[in-house]
Amino acid sequence: MDLIGHKQQLELLRKARSMARLAHAYVFTGPDGVGKKLAALLFAKETFCTSAGPRPCDECPQCKKVESMNHPDLIIISAEKKDITIDQTRQMQSSVQKFAMEGPCKIVIIDEAERMNSASANSLLKTLEEPPKDTYLFLITSRPHMLPPTIISRCQRISFSPLPTNELVTYLVSRDIDNKTAAILAGVSGGSIGMALSFPADVIGDVVSAVEGVWGGAQDSDILEVAQRWSAFDTNSVLAILLGIYRDIALLKNANILPLFSSMSKAIENESEKLSPSVIQENIAIIKSAQADADTTYNKQLLFEELLFKLAGSHAG
Ligand SMILES: [Zn+2]
């Protein structure tokens with residue numbers, strides 16, 4: 001379990017545990033992929049670890065059971081299909097009524113808690129209203145506004161911020177990613193380790209060369225071909241890279257900061273000289289609005305076509 005950062009959040013929980021003042025329910029909020037669930041798992045492992053030395057020891061049977069998600073006192077709920085169903089909540093409720101089997105308490109982690117449908121949320125509410133003894137719940141969510149306020153108000157909220165870029169770069173380099181790529185990944189993933197690690201590296205190269213093509217005056221047919229190719233990629237990744245490149249132009253123009261996408265620094269320099277600040281801001285706004293549409297769009301190819309033609313328009317002439 002590689003948790004990077006979030007020392008403050010863990011310290012807060014450890015302190016509460018050592019004073020026997022843990023809240024019965026916490027909600028961990030923050031962007032996807034920053035380590036919320038990992039923090040809850042790490043906390044569970046420490047809590048169950050039986051080592052006399054530093055915890056977690058990663059050696060004792062308790063630690064190993066948590067690591068393999070096999071600890072009888074650790075209940076992890078995640079959406080089976082789209083929703084977290086009432087059957088899942090009920091099963092958890094009946095199991096927390098029993099005594100802890102091996103650990104000092106039971107720990108329940110509800111991942112993507114906003115996926116509880118209204119029936120399961122209602123049934124969870126009962127658990128929160130009358131918390132069973134020695135049971136601690138951790139609701140994990142990047143969309144707390146989608147949880148009923150009645151649930152949120154019964155949980156203590158701990159927020160997880162995106163990681164600082166330099167911490168993320170150091171971590172990525174420790175995972176054998178070269179410095180240049182690590183800097184780009186950290187920049188485009190908005191401080192989310194999960195996103196940085198799942199980023200398809202070949203997509204970066206593709207987007208960079210396609211953007212250079214567009215800036216160099218690509219034909220309409222080239223743009224259509226790019227849009228078709230991108231429609232097979234993860235939309236959010238492509239848009240994050242595009243946004244990163246246009247932020248580079250803005251930063252170079254406004255603050256004279258060197259481009260993150262150093263392989264295309266010459267082209268970025270050209271564009272930052274050529275485009276007015278308002279056009280650069282407009283382009284960034286166009287990409288952001290595509291990001292907002294990305295989750296609901298049925299036709300990714302059309303989304304990219306529209307976006308690329310708009311961007312190409314501002315570079316022409
Ligand atoms: Zn241990």
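Trainee: Where in the chain does Asp134 lie?

Mentor: In this predicted model, Asp134 belongs to the loop that runs between α5 (118-129) and β4 (135-141).

Trainee: Why is Asp134 counted as partly exposed?

Mentor: Asp134 has 16 C-beta neighbours inside 10 Å. A residue needs 20 or more to be buried and 12 or fewer to be exposed. The value for Asp134 falls in between, and the residue is therefore partly exposed.

Trainee: What makes the phi of Asp134 worth a remark?

Mentor: Phi of Asp134 is near 55°, a positive value in a residue other than glycine. Most residues other than glycine have a negative phi.

Trainee: Which other aspartate has a positive phi, and where is it found?

Mentor: Asp176 has a positive phi of about 70° although it is not a glycine. Asp176 sits in the loop between α7 (165-174) and α8 (179-188).

Trainee: How do you know whether Asp176 is buried or exposed?

Mentor: Asp176 has 7 C-beta neighbours inside 10 Å. The cut-off for an exposed residue is 12 or fewer, so Asp176 counts as exposed.

Trainee: The loop of Asp176 lies between α7 and α8. Why are these two helices called oblique?

Mentor: The angle at which α7 and α8 pack is about 135°, and their axes are 9 Å apart. Roughly antiparallel would require over 145 degrees, and roughly perpendicular covers 65 to 115. The angle fits neither class, so α7 and α8 are oblique to each other. Their crossing is right-handed.

Trainee: Which residues make the contact of α7 with α8, and how do they divide by class?

Mentor: From α7, Thr165, Leu168, Val169, Leu172 and Val173 meet Asn179, Ala182, Ala183, Leu185, Ala186 and Gly187 of α8. By class, this contact has eight nonpolar, three polar and no charged residues. Gly is placed among the polar residues.

Trainee: What makes α10 and α12 oblique as well?

Mentor: Helix α10 (residues 201-215) and helix α12 (residues 235-255) pack at an angle of about 50°, and their axes are 10 Å apart. Roughly parallel means under 35 degrees, and roughly perpendicular starts at 65. The angle lies between these limits, and the pair is therefore oblique. The crossing of α10 and α12 is right-handed.

Trainee: What makes up the contact of α10 with α12?

Mentor: On the α10 side the contact residues are Val203, Ile204, Val207 and Val211, and on the α12 side Ser237, Val238, Ile241, Leu242 and Ile245. Eight of the residues are nonpolar, one is polar and none is charged.

Trainee: Why is Leu224 described as partly exposed?

Mentor: Leu224, in helix α11 (residues 220-230), has 16 C-beta neighbours inside 10 Å. That count does not reach the 20 needed for a buried residue and is above the 12 allowed for an exposed one, so Leu224 is partly exposed. From C-alpha to C-alpha, Leu224 and Gly205 are 18 Å apart in space and 19 residues apart in sequence.

Trainee: How do you know which class of exposure applies to Glu80?

Mentor: Glu80 has 11 C-beta neighbours inside 10 Å. With the limit at 12 or fewer, Glu80 counts as exposed. Glu80 lies in the loop between β2 (74-77) and α4 (86-96). Leaving aside neighbours within four places in sequence, Glu80 is in contact with Thr85 and Gln88.

Trainee: What makes Ser262 partly exposed?

Mentor: Ser262 has 14 C-beta neighbours inside 10 Å, a count between the two limits, and is therefore partly exposed. Ser262 is in the loop between α12 and α13 (265-274). The C-alpha atoms of Ser262 and Pro104 are separated by 52 Å, and the two residues are 158 apart along the chain.

Trainee: Why is the peptide bond between Arg55 and Pro56 singled out?

Mentor: The bond that joins Arg55 and Pro56 is cis, with omega about -5°. Most peptide bonds are trans. Pro56 is found in the loop between α2 (36-48) and α3 (61-67).

Trainee: What does the domain assignment give for the chain as a whole?

Mentor: The assignment gives domain 1 (7-159) and domain 2 (200-315), and 40 Å separate the centres of the two domains, taken over C-alpha atoms. The chain comes to 15 helices and five strands. Of its 317 residues, 37% are buried.

Key
Residues numbered from 1 in each chain as written. Predicted model: local features only at pLDDT ≥ 70, side-chain atom pairs only at ≥ 80, totals over all residues. Axes fitted to C-alpha atoms, helices over the stretch in contact; angles between N-to-C directions. Helix = DSSP H or I, 4+ residues; strand = E, 2+ residues; numbered from the N terminus. Left-handed = near helix turned anticlockwise from the far one by under 90°. Contact = placed C-beta atoms within 7 Å. Domains from an automatic or database assignment.
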